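Good morning. Please look at the sequence and the model on the screen, and then we will go through them in order.

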Amino acid sequence: MISVRFIKPLTVTAAATALIALPFAGGAFADTAKPQPTTTITPGPRTTPPTAPVKTSRPTPTADTLYVQETKRRDRTSLDVSVNPTRVKQGASYGVTIVVKGASAGGAATITSPEGKSYRVSLDQRKVTKTLTVPAHAKPGTKTVSVKVGNRVATATFTVVSSGAHRDDHRHEGK
């Protein structure tokens with residue numbers, strides 16, 4: 001007769017060997033021709049509390065990282081330009097108002113007049129107005145002012161109208 005002391009370790013050893021060998025034999029079980037039913041497991045309510053986030057040290061930014069960060073910052077920059085008044089007589093002044101959002105403080109804008117002259121203004125206040133003058137000899141019609149801040153360019157249009165002095169001169173010529 002076999003003693004109980006011998007059977008219990010033998011049973012445990014045989015069961016452990018089967019559990020170890022089962023994953024290696026799994027390939028043979030996978031080759032069956034019958035399709036296996038799929039089971040959807042629906043997660044129940046969470047019973048364990050969430051773990052605290054692990055703090056990691058931030059890597060030192062590289063030149064590429066800084067370029068991407070700067071590009072993202074610039075992409076959030078908005079530039080609005082307007083001219084007041086929108087109808088300006090020859091020889092009269094008009095204001096070019098620049099409103100910048102999202103740019104770094106201390107930047108600068110370059111205003112280009114319809115005549116091609118450039119003016120540089122400081123953007124310390126996010127909203128700046130520069131006064132320009134239409135030349136007395138400018139032809140009446142629609143004109144465009146452009147403003148560049150960084151890689152952004154915005155334009156505003158206004159209309160130059162005759163000052164009327166030429167008409168008055170022609171009226172008096174025949175008398």
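How many bridges join β1 to β3, and do they run parallel or antiparallel? Seven bridges join them, and the two strands run antiparallel. Strands here are DSSP runs of E with at least two residues, helices are runs of H or I with at least four, and both are numbered from the N terminus. Two strands count as paired if DSSP finds at least two bridges between them.

Before going on, I should say that this is a predicted model, in which local features need pLDDT of at least 70, side-chain atom pairs count only at pLDDT 80 or more, and totals for chains, interfaces and linings use all residues. Residues are numbered from 1 along each chain as its sequence is written, and side-chain values use heavy atoms, with hydrogens and water left out.

Now the overall layout. The protein chain has three helices and eight strands. From the N terminus on, the order is α-α-β-β-β-β-β-β-β-β-α.

Back to the pairing. Within β1 and β3, D80 stands opposite V99 in β3. β3 also pairs with β6, in the antiparallel sense, over seven bridges. One of the partner pairs there is G95 with T131 in β6.

T129 is found in β6 too. Its C-alpha atom is separated by 6.2 Å from that of I98, although the two residues are 31 apart along the chain. Contact means heavy atoms within 4.5 Å. Leaving aside neighbours within four places in sequence, T129 is in contact with G95, V96 and T97.

Next, the open sheet. Five strands make it up, in the order β2-β8-β7-β4-β5, with mixed pairing. β2 (87-89) and β5 (118-122) stand at the edges with a single partner strand each, so one side of each has no neighbour in the sheet. Neighbouring strands of this sheet are turned by 30° against each other on average, direction ignored; the axes are lines fitted to C-alpha atoms. β2 and β8 (residues 152-161) run parallel and are joined by three bridges. In β8, V160 is the bridge partner of V88.

What about the inside? A nonpolar core is a set of buried Ala, Val, Leu, Ile, Met, Phe, Trp, Tyr and Cys residues joined through side-chain atoms within 4.5 Å. Buried means under 20% relative accessible area, exposed means over 50%, and partly exposed is in between, with a 1.4 Å probe and protein chains only. The largest nonpolar core has 24 residues, and those touching the most other members are L79, Y94, V96, I98, I111, V147 and F158. β1, β3, β4, β6, β7 and β8 each supply at least two residues of this core. Not counting residues up to four places away in sequence, V96 touches, among others, V81, I111, V145 and V147.

S113 lies in the loop between β4 and β5. Is S113 buried or exposed? S113 is buried, with a relative accessible area of 5%. Outside four places in sequence, the residues S113 touches are Y94, Y119, L132 and T144.

Last, confidence. pLDDT is the predictor's confidence in each residue, from 0 to 100. The chain has a mean of 75, and 50% of its residues reach 70 or more. Confidence is highest in β2, at 97, and lowest in helix α3 (residues 165-173), at a mean of 47. Over residues 167-175 the pLDDT is below 50, and this stretch has one contact in the model beyond near neighbours in sequence. Where pLDDT is low, the predicted coordinates should not be read in detail.

Technical notes:
Axes are lines fitted to C-alpha atoms, for helices over the stretch in contact, and angles run from 0 to 180 degrees between N-to-C directions.
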